[in-house]
Amino acid sequence: MTPRLFKDRLQRFFNRRGKERLPVVFDWRRIYVLPSKPGLFFASIWFLMMLAGLNFNNNMSLMLVFLLFGLAQVVLHKTFFNLRNLRLEQVKADPVFLGDAITLFLQVSADDKKWQIRTENDLTDDTTNITEQSSQLTTLMPSLHRGWQAVDRIKLMTRFPLGLFTCWVYCTPQDAVLVYPKPEDPCPPFPHHGGREGEQTTWVKGEEISSIRPYRHGDPIRDIAWKKSAQTEQTWVKEFKQTQGQYLSFDYAQMNLSNTELKLSRITAWVLAAELQQAEYQVLLPGFDSGMSVGEKHLHRCLKALALYQSGGAS
Amino acid sequence: MARIQSQLSMKQLFWITFAVVLAVLPQLYRLPIWFLPMALMVISYRFYAQINHIKKAWNTLLMFLALLVLVLIIFSQGLTLSREISVTILISMAVLKLLETYTMRDALLVVMLCYFVTMTRFLYSQDLLLIFYLLGSAFITTHALSVLNYEKSARWFDRQQIKSTAASLSLAVPFAILFFLVFPRLGSPIWGSPDFFGEGKTGISDTMSPGSIIELFMDDSPAFRVTFDDGVVPPNAQLYWRGPVLWHFDGRTWSRQKHNSLRQTMRQYGDAETIAYQIEQENTGQNYMFSLDYVTDSAGKGFLLPDSTLYSMTTINQLRHYELKSVLLERFYQDLSDHNRRLLLTYPANQNQRTLALIRQWQAEDPNPLAVVNRALQKFNQEDFYYSFTPPPLEGEVIDEFLFESRRGFCEHYASTFTIMMRMAGIPARVVTGYQGGIDNGEYLLVKQSDAHAWSEVYIEPAQGSGYWMRIDPTSMVAPERVESGSQNIMTEKRHWIDFEWLRDTKESLDKYRYQWNQWVRDFNVSKQEALFKAIGFEYRDGKTLALLMMAILLFTALLTLIPMWWLKRQRHHTLQRLYLQLVRTIKHNPALYDQHRKGIEHLTAEIIKTYPESEPRMQHFLALYLQARYSKQAPKKQQLLQHLQKTLNQIKPILQASKAP
């Protein structure tokens, strides 16, 4: 068995509950308990004390030792009960662009008071107390691909009251987060194809050569200034400028890029730039036409379509 | 733990420091003189740094400081691997550690060290009163740990959090008691001797110089306790508890003779003549055991030296129990070798000439040794000698000075002077130190350090080659009450500023508890544990049974906390919640509606009204009342609202129930 396969099997074994529909109540069956690092240190000091006390039959030392043992037992139970019957009500997250971290808002609740409920991963940690039945925790998750990305396994833990034990629960919610394509940066100029005249004018790619600039990846071949390029080491591109109406059209089919993701990435950048300039725009994908519009709602409709193009580009 | 690097707050620092100070405090008396100023400096600097946001000093500097303290410790306590030095190092490092305690990680370390420091105190003493220290220190340390982990509020003394710590600890007490009784003990130490971690040095010593016994007079702590087998305590005047016997006098200090033989066995006495008793002796850090004059044999408890001193084979560093038999003899017949006779007749030459002249004069009048003894006693009795705890200091020729000048003193002066006088008269004599009397506490006789006493023994030889020892207590000639009713009762002046009779009485009655404490806690060992196991039906103390027993007890104790916790943590709803749940329960028959109840009262009300339009006015009323009650701050008004709510709810119920039918 390869290690990878072994790990997968192990994961499946431990995560037999699979994806769950929220809300989830964490009863005693789901709680893991282990001593924490300070707890292990406490144990080692305790062990030393016990050895000394037993060796010299020093009864008061032994009393202290056994008192601390009892304390550890009580604290173990307290930590456990502090997590028991905690509810994960829902997980919320706003869509993000690929590459940005996803912020997850975990709404937790409980009928009694819960102290120091904590979530932590490599990116961040957050702690909250539930004193008024409900509270919220924030955690981060990396975005891995565009489209719907499933929420990672969530770990909720507590070390309250003395930090000697860690109690934790795992839960993998059914929810997924929408990840938009990564916008190209810097944003290339708007394309000259398509679009309609408008009252206001914006400089877009046009007919007349206004300047010459070095080649950028994705520039159409017909724009290359062959003469100039032949004279020098570099490849040069003719910049055309033309005034265009505020009505922009971003057509996937007309783009000269080899990679689907690059195309989507560029359109995303254009959409964002257009939205910033409050110019009306239209996104055309195979099987999708957003129509000409502007505004928050339109933006999200376009971005969602871009995110989900070819079923999210899941790898 | 990501938070392990986080910085400490002022409150956290305060509680850590509190824990350290409390853990160290009861050991302050035995730490070097520079320790207290050092600790104060460290603590004040640390707080100064906290207030002014001064960063942690360089590690090299702190290292240097630690080394400096280490050198100081070795300088003041010597370079030996002793208990004292290891405990001092531990304590000093715990205090110094405060200087570099800026993060959670270091703080946790310091706090957990506090538990260890607390334990080291019990290596010196396991007195009953230290139980308060144990509980107090454990509490404060645990609370510091709790505050480190989480500050419930910004208040310095958060009552809620303190209560929670107290609850944790008090739930731990049953565990502690149970484990104390059943946890397997070791019959003998695995490593080291108990001497290394014995409880320390107090009590009568084997030398006597002016003022050495007076220290003991100040001390009301117990020396030993005696239980007489027949329950009858002999009269006070017979209670001479023999300790070290002193032979040599250098003009100022008495010291003992080293023996290399044991006392010859004395003739057999019947049970009627002997007194059997048990002694529970407190640790002294020395080898002396105490017995009534004269003990019949050592009974294997120690060496019985030729001068009838009982000498333990090992240092008495823990509570020691032994059973003895004594005969209360007036005259103790024993042979005296020439060598010993010479030693017992030695006195500093060319000193105390006035005394010598007096003795020579008495001898000229009547050479009989008994006559000289009586002359000397008469002199103490009839001339103006006084019993005093605050005698003028003696210098130079102490015997002359005491006999002719100061004439004030207590047992050690009289015993010392009398013994030398006898030696001058050619009567072999020695000083016996020990305790005299005791307080009958009902169950047992308590002998305190303040009962320390010194008397003389003279060797009378009516015929050549056969003589006897006779106890002479010159102090009783001056202050007969001392011997009849104990040292405390003849005092007219206070020994020290907190010396009150009621305090002494309290201490004596407290000793009864101390006695029980010793029986049950301090002296609990393998054999007592075995007896306990036997009593509950575990005859065999083999590994398997014990392991099973331990498991059973672990499970039992775990249940012991689990059950109260389940009970405490069971779902509890306040009245308002209960009302809401009542409402929810009435619509349970309608699953679609029931599912809405998590979304809150307002949502649910709207949905109910939608489904059961006839309930609208009552439901609206209910909602209004509910919200009022929810946000009402005044208790009486709230009560009224709750009653109204219940009434409204009772009216709503039939409407919702009735709609169920179709």
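User: Why does Arg407(B) count as partly exposed?

Analyst: Arg407(B) has 18 C-beta neighbours inside 10 Å. A residue is buried with 20 or more other C-beta atoms within 10 Å of its own, exposed with 12 or fewer, and partly exposed in between, the C-beta atoms being placed from the backbone. The value of 18 therefore makes Arg407(B) partly exposed. Please keep in mind that this is a predicted model, where local features need a pLDDT (the predictor's confidence in each residue, from 0 to 100) of at least 70 and side-chain atom pairs count only at 80 or more, while totals for chains, interfaces and linings use all residues. Residues are numbered from 1 along each chain as its sequence is written, with chains lettered from A and ligands numbered from 1 in the order in which they are written.

User: What makes the phi of Arg407(B) worth a look?

Analyst: Phi of Arg407(B) is positive, near 60 degrees, and the residue is not a glycine. Arg407(B) sits in the loop between helix 12 (398-406) and strand 13 (408-409) of chain B. Helices (H or I, at least four residues) and strands (E, at least two) are DSSP runs, numbered from the N terminus.

User: And why is Ser308(B) called buried?

Analyst: Ser308(B) has 20 other C-beta atoms within 10 Å, so the residue is buried. Ser308(B) also shows a positive phi, about 65 degrees, without being a glycine. Its place is the loop between strand 8 (303-304) and strand 9 (310-311) of chain B.

User: Is Glu273(B) buried or partly exposed, and how do you know?

Analyst: Glu273(B) counts 13 C-beta neighbours inside 10 Å, and is therefore partly exposed. This residue lies in the loop between strand 4 (254-256) and strand 5 (274-281) of chain B.

User: How do you know that the span of helix 7 of chain B agrees with its number of residues?

Analyst: The expected span is 1.5 Å times one less than the number of residues. For the 24 residues of helix 7 (residues 159-182) of chain B this gives 34 Å, and the end C-alpha atoms are 35 Å apart, so the two agree. Helix 7 of chain B does bend, by about 25 degrees at Val173(B), with Pro174(B) following within four residues; the bend is the angle between axes fitted to the seven residues ending at a residue and the seven starting there.

User: Which residues of helix 7 of chain B are buried?

Analyst: Among them are Thr165(B), Ser168(B), Leu169(B), Ala172(B), Ala176(B) and Phe179(B). An α-helix has 3.6 residues a turn, so residues three or four places apart point the same way.

User: What makes the bond between Leu22(A) and Pro23(A) cis?

Analyst: Omega there is about 0 degrees. Pro23(A) lies in the loop between strand 1 (19-20) and strand 2 (24-26) of chain A. The bond from Asp185(A) to Pro186(A) is cis too, with omega near 0 degrees.

User: How many residues of chain A are in contact with chain B?

Analyst: Happily, that is a short answer: 41 residues of chain A are in contact with 49 residues of chain B, a contact being two C-beta atoms, placed from the backbone, within 7 Å. Helix 3 of chain A gives the largest share of the side that touches chain B, 18 residues. The predictor gives the complex an ipTM of 0.78 and a pTM of 0.73.
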